[in-house]
Each structure stands twice: as structure tokens, then as C-alpha cells.
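Please study the sequence and the structure displayed below before you attempt the exercises. Try each task on your own, and then compare your reasoning with the worked solution.

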Amino acid sequence: MSTTYAYAATDAKSKLAPFEFQRRELRAHDVQMEVLFCGVCHSDLHTARNEWKNTVYPAVPGHEIVGRVTSVGPDVTKYKAGDLVGVGCLVDSCRTCPSCSEGLEQFCENGFVGTYNGQDRVSGENTLGGYSTQLVVDEAFVLSVPDNLDAAGVAPLLCAGITLYSPLRTWGAGPGKKVGIVGLGGLGHMGVKLARAMGAHVVLFTTSPSKVEDAKRLGAHEVVISKNQEEMNAHLNSFDLIVNTVAAQHDLNPFLNLLRRDATMVLVGAPEHDHPSPQVFNLIMKRRRLAGSLIGGIAETQEMLDFCGEHGITSDIELIPMQQINDAYERMLKSDVKYRFVIDLDSLRQ
Ligand code: NAP
Ligand code: ZN
Ligand code: ZN
């Protein structure tokens, strides 16, 4: 067992505060790592504040983790002490159901085990995430981090990166395709970078006029202020794919109007309150599709990391000490982050 320093939420209303606990003894296939950096995902905030009504307290959020391996269990073959590794949203799954067999562990039919707020399949204990100095994870759910990338900027790839990479690949973003990304937050800014690197024509939709120049710098060919009707009308019936990352309830119709026949809008934003149903005729008249997507499987996450290594892609980050997490949550709610907070876990080491 090893003493781990962390920040935890103890109920939906209190601020996150220091919390100490023991990581488990290594099992045969376990990898132990010193957590170096952990990204701050909007899902962390949804969970800390019980917005999805399933939080087990104390809750230690964090599922965008980059760490350095410190020791491994006796049967580990993939990693050794000193390796730079990543852990995303998943730390286990049943590994035998049809989805697991296809490498789609995020859709495990027996329920995947989340990096936090999950139930360990052996001990039954609540899993505690990456806002902590150490982590122990089965090697099958540990990723290899390309060594040419900045380690802090890699952390957000483990959730924000894969959450956009997977639908962009699934729905064929690439040369000749017009792809929209809605919302320039942690997920959205990765969507812009990834879709651009895949060769698509990228249009970013934002509610924040102050983000227009940044969106272009990040790779958007065009930027649309989604509240401006005229700007929206200029894109009617023209998109092959739109990925919507917005973290709040909103009207989907203005975006569905922009899809061409047979095109798809994929929802990845997971707001506390559901969006109102879009108008049915808006879908049936052009055989448009409304879909959802959840992070990505382990193999696809490794593929995404390798893609980012090849293309030199990392997240734009603001590095913060753990002690600033509560302020960071408030700023994230105001869309005031460029474009992902990443916690430097050195701030917790004693
Ligand atoms: P974030 O950094 O807070 O970004 C969300 C963006 O949505 C904001 O930057 C803002 O962009 C836009 N937005 C926020 N409130 C809005 C409103 N009321 N109306 C219109 N636009 C609004 O959050 P994130 O970390 O990227 O996460 C986004 C969502 O995805 C969260 O709900 C999170 O839980 C979810 N998520 C889902 C998955 C999955 O697998 N499906 C994985 C990770 C996260 P602009 O300022 O540009 O308008
Ligand atoms: Zn996340
Ligand atoms: Zn399974």
C-alpha cells in the first residue's frame, strides 16, 4: 500500500479539499505510477457536484492522466519502471462481452469501470481518479505516451482528445468533408486540431466572440458565432458532420439545419439537463441523423495518441497547482479557460 495525496469532493456542495488514502497493493498485472499531470474535464465538475446523480463520496476526479511508471506487478509485460504512460476514463471492463471483444470497452455490456466513481471489479471499492499523486491500474488499460510531445499537454488527450477523435474517425472526417465543431472548450479545441489534421474543412461554432481569433489559430478554416442568425444561414444544408461538445442544455435545431442530406450531428457534450427534442421534420425531410458518442476504446485511444505524436498535436493548457482547482471549476463554468486546465501534481507531493 502506498500513501497517496489527493483532492476530493465530500458532497455536492462543498469545495474540493485535501484527502489522503492508500492505493492498493499491486496485483499481478498492475502498473503503479507517479501521476505527473492531470487534465480538468467538465465531467470532473459534473461528478464532483453530483450533476449526473450517481456520485459516490468521497470523490477524487481526474481521468486525463500522464504519469511515470514506478513499479509493476509480476506478470506485467507491456511497461517497466521509468516509462511515460497515460490513463484515460477507463481502468477496467469485463473483457469478454461482444463490445470488449471488439475493443470497444467504453460500451462494455457488463459496465466499464471508470477511472473515478467506478466500482473496482475485484474489491468492489469506489475508484479514485487522477487528482492524486499516485495511481495503480491494470496494464491493459494503460497507454503509451509518445515521447516527442509535451507531457502536460498530452494529459487532455486522454479524454478530450479521444472523445473527439473517435466520432471524427467513425463518421469519416477527412479531405473533401465539411466538419463543424460546436463549442470551443476542452473538447472542442481538440476537435478543431484533430479534424484539421485529418484534412477536413473545419468550421468552429462558438457563443464567445472573444474566441474567434484563437479558433483560427487552432486550425479552424471558418468561425461562426452561433447566436448570429445571418452567419448561421450562410451554412444551411452544407455540413457532412457536426460534433457538438456543448456542456449545457440548448436548442439543437439551428445546428441540424446546417446538415446536408444524410449527414450526422454527434452529441458528445453531456449536460446536466437534456436538450429539448429537436423538430422531427428537421430530421426526416433530409434523412438527417442525430447520434451520440462516448470517449473511445483502449486500442483507439492508443491510435489517437500515436496520431497526435505524428502530427505534433497536444492540448493548449493552463497549468495550475492542485490548490487552485476550485477557482478553475468556476472559470470553466464561465468558459474562461484556454483551453484546458492541467494540474501539476508536484504541487501535492510532500
Ligand atoms: P468545457 O471546457 O466547459 O467546454 C464546453 C463549451 O461549451 C464551452 O467552452 C462553450 O464554448 C460551450 N458552452 C458552454 N455553455 C454553453 C451554453 N449555455 N450554450 C452554448 N454553448 C455553451 O467542457 P468540456 O470539458 O469540453 O466538456 C464538454 C461536455 O462534454 C461536458 O458536458 C462533458 O461532461 C462532456 N464530455 C463527454 C464525453 C463523452 O465521451 N461523450 C467525454 C468528455 C466530456 P463557447 O464559449 O465556444 O460557446
Ligand atoms: Zn472527461
Ligand atoms: Zn465487456
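The exercises that follow deal with two ligand sites and one helix residue.

This is a predicted model, in which local features need pLDDT of at least 70 and side-chain atom pairs count only at pLDDT 80 or more, while totals for chains, interfaces and linings use all residues. Residues are numbered from 1 along each chain as its sequence is written, chains are lettered from A and ligands numbered from 1 in the order in which they are written, and side-chain values use heavy atoms, with hydrogens and water left out.

**Exercise 1.** Describe the shell of residues around ligand 1.

*Solution.* Begin with the count: 29 residues surround ligand 1, and the closest are Thr206, Thr207, Ser208, Lys211 and Arg340; a residue is near a molecule if one of its heavy atoms lies within 4 Å of it. Next, sort the shell by class, which gives 13 nonpolar, 14 polar and 2 charged residues, where Gly is placed among the polar ones. Then ask where the shell comes from: domain 1 (2-159 + 296-348) and domain 2 (160-292) each provide at least three residues, with bounds taken from an automatic or database domain assignment. Helix H1 (42-48) gives the most, with 3 residues; helices here are DSSP runs (H or I, at least four residues) and strands are runs of E (at least two), numbered from the N terminus.

**Exercise 2.** Which atoms of His46 and Leu187 lie 2.9 Å and 2.8 Å from an oxygen atom of ligand 1?

*Solution.* For His46 it is a polar side-chain atom, at 2.9 Å, whereas for Leu187 it is a backbone N or O atom, at 2.8 Å. The protein covers 87% of the 930 Å² of accessible area that ligand 1 has on its own, as computed by the Shrake-Rupley method with a 1.4 Å probe.

**Exercise 3.** Identify the donors of the zinc ion (ligand 2).

*Solution.* The zinc ion is coordinated by Cys41 through SG, His63 through NE2 and Cys159 through SG, at 2.0 to 2.3 Å; donors are N, O and S atoms within 2.8 Å of the metal (3.2 Å for Na, K and Ca), and since water is not among the atoms, sites may look incomplete. Along the sequence, these donor residues follow the spacing C-x21-H-x95-C.

**Exercise 4.** Is Ala152 buried or exposed?

*Solution.* First locate Ala152, which is found in helix H3 (residues 151-154). Its relative accessibility is 5%, so Ala152 counts as buried, given that buried means under 20% relative accessible area, exposed over 50%, and partly exposed in between (1.4 Å probe, protein chains only).

Note on methods: A polar contact is a pair of N or O atoms within 3.5 Å; within protein, one must be able to donate a hydrogen and the other to accept it, and residues adjacent in sequence count only if both atoms are side-chain atoms.
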